[in-house]
Each structure stands twice: as structure tokens, then as C-alpha cells.
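Here are my notes on the model you passed along. I've put them down as numbered points so you can check each one against the coordinates.

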Amino acid sequence: MREVEGYVEHIVYRNEENGYTVLELVDDDGQDEMCVGSFPFINEGEYVELHGNYISHQIYGDQFQVQSYEIKEPEDMMSMERYLGSGAIKGIGVALAARIVRKFKEDTFRIIEQEPERLAEVKGISIAKAQEIGTQFEDKKELRDAMLFLQKYGITNNLAVKIYKQYGSRMYEVIKDNPYKLA
């Protein structure tokens, strides 16, 4: 099994029902990779670590077929700006993402998670919009954490999404009290 890391540059195709996605990834060397696999909740601009193998498709050519993946938190300011400006958080475009990152620098994600009201310090963001951004950011983080938790037990991404949609953050309690409820 091989490993590829990079940014999701463009989502070419996504089946919303089962999460099957074809995406273009720009790896750390700046090379484009066409990747296919099940990515129920992935957005353009996210930094990912993919595990899988290269295959050769008769029609579409060489592709990286993903077996599993992890979404990683962007670590530098450029990555943060790229993630926020990707459309992952509704209401933040490229220009607004740049202003947010310029204002808060390396603390950007900490501010969004822990003190979202401070986003109102950035021109173009009201207190209400700041709270909405914080809520969206937290929801995405909660879903990613839930999927990673369920993957430890051999649960596929598709099934993990169904479990999360059914139980939300109560999922941990349900699994602890009676894991057979998931059946």
C-alpha cells in the first residue's frame, strides 16, 4: 500500500448517496494526482493523507485508488487560507479567508474553534456570521472525529456517515451503552 499527501484541488465527480468521489489532488511536490474512492465528507482545499494503490483505468488512465484516508489540519498560514477559501465553510470566500488568516495568523483555527466571536474583528464579518462560521467549523470537526473513531473498529466511511447522521454526537453514548443498536 502506498501513501500520498496533498490538497484536494478539484472534485471532479461525487455520488452523494454512497460518497464515491473522483478528485484531483496536488501533492507536496506540486504534482497532480487523479484519485478515486469513497470520500463522503471531503471538500476542495482540504489537506489529506491517502492510502491505496495506483491502478490503470482503461478509459481514464492512471489513478490512485484510495483504500483509506485522513483529513489533516492545515499547518501553515497558506494552507489555512486555502482551506477556508475553498468553500468548505459557507460564507467564506477567497478574499475573506485571506483577511481572516492575515488578522489571526497561526491562531486562526484556534480562534474559529474557541473564540468565534473574535472573527467579527475582521472587516465584512458580523457577530452573527462569526458565530455561524464557528458552528460550521465545529460541525465538520465533530464529523471527522466521529469517522476516525468508527474507523478504528473497522467501520467503513459509508457506514460511519450513516451512523453519524442517525445519532449525531450521541453516537459515542449509544456505542458505549448498547453497540448492538447500530445493527
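**Notes on the fold**

1. Let's begin with strand β2, residues 20–27: six of its eight residues are buried, so the rest of the structure largely encloses this strand. Keep in mind throughout that we're looking at a predicted model.

2. On one side, β2 pairs with strand β1 (residues 2–14), antiparallel, over seven bridges. Two bridge positions are handy for checking the register: V8 sits opposite L25 in β2, and Y7 sits opposite V26 in β2. In a regular strand, side chains alternate between the two faces of the sheet. The connection between β1 and β2 is a hairpin with five residues between the strands, and G19 in that turn has a positive phi of about 80°.

3. β2 also pairs with strand β3 (residues 32–38), again in the antiparallel sense and over seven bridges. Here Y20 has S38 in β3 as its bridge partner. This hairpin has four residues between the strands, and its G30 takes a positive phi near 85°.

4. What do these strands add up to? A closed barrel of five strands, running β1-β2-β3-β5-β4 with mixed pairing. From one strand to the next the twist averages 50°. As for β4 and β5, they pair in the antiparallel sense over 11 bridges, with F64 in β5 as the bridge partner of Y54. β1 and β4 are antiparallel too, over six bridges, and V4 stands opposite L50 in β4.

5. Now the packing. The largest nonpolar core has 27 residues, and L23, L25, I42, L50 and Y69 are the members that touch the most others. Elements giving two or more residues to this core are β1, β2, β4 (47–57), β5 (61–72), α4 (127–151), α5 (157–167) and α6 (171–177). Which element gives the largest share of this core? It is α5, with five residues.

6. L23 deserves a look of its own. Setting aside neighbours within four places in sequence, L23 contacts V8, H10, I11, V12, E33, M34, C35, F39 and I42. There is also a second, separate core of 20 residues, and A88, I112, L119 and A130 are among them.

7. Next, the helix pair α1 (residues 77–84) and α2 (residues 94–104). Their axes come within 8 Å and cross at roughly 145°, and the crossing is right-handed. The contact brings M77, M80, E81 and L84 of α1 up against A97, A98, I100 and V101 of α2. By class that makes seven nonpolar, no polar and one charged residues. For reading such a contact, remember that an α-helix has 3.6 residues a turn, so residues three or four places apart point the same way.

8. Staying with α2, the buried residues of this helix are L96, A97, A98, I100, V101 and F104. Just after the helix comes K105, which has a positive phi near 50°.

9. T108 belongs to helix α3 (residues 108–114). Is T108 buried or exposed? Buried, because its relative accessibility is 0%, against a cut-off of under 20%. Beyond its neighbours within four places in sequence, T108 is in contact with M80, L84, I100 and V101. M80 and L84 are among the α1 residues that meet α2, while I100 and V101 are among their α2 counterparts.

10. Last, A128, which is found in helix α4. This alanine is exposed, because its relative accessible area is 56% and the cut-off for exposed is over 50%. How far apart are A128 and N18, in sequence and in space? They are 110 residues apart along the chain and 34 Å apart, C-alpha to C-alpha.

How values were computed:
Residues are numbered from 1 along each chain as its sequence is written. This is a predicted model: local features need pLDDT of at least 70, side-chain atom pairs count only at pLDDT 80 or more; totals for chains, interfaces and linings use all residues. Side-chain values use heavy atoms; hydrogens and water are left out. Buried means under 20% relative accessible area, exposed over 50%, partly exposed in between (1.4 Å probe, protein chains only). Two strands pair if DSSP finds at least two bridges between them. Axes are lines fitted to C-alpha atoms, for helices over the stretch in contact, and angles run from 0 to 180 degrees between N-to-C directions. A crossing is left-handed if the near helix is turned anticlockwise from the far one by less than a right angle, and right-handed if clockwise. Contact means heavy atoms within 4.5 Å. Ala, Val, Leu, Ile, Met, Phe, Trp, Tyr, Cys and Pro count as nonpolar, Asp, Glu, Lys and Arg as charged, and the others, Gly among them, as polar. A nonpolar core is a set of buried Ala, Val, Leu, Ile, Met, Phe, Trp, Tyr and Cys residues joined through side-chain atoms within 4.5 Å.
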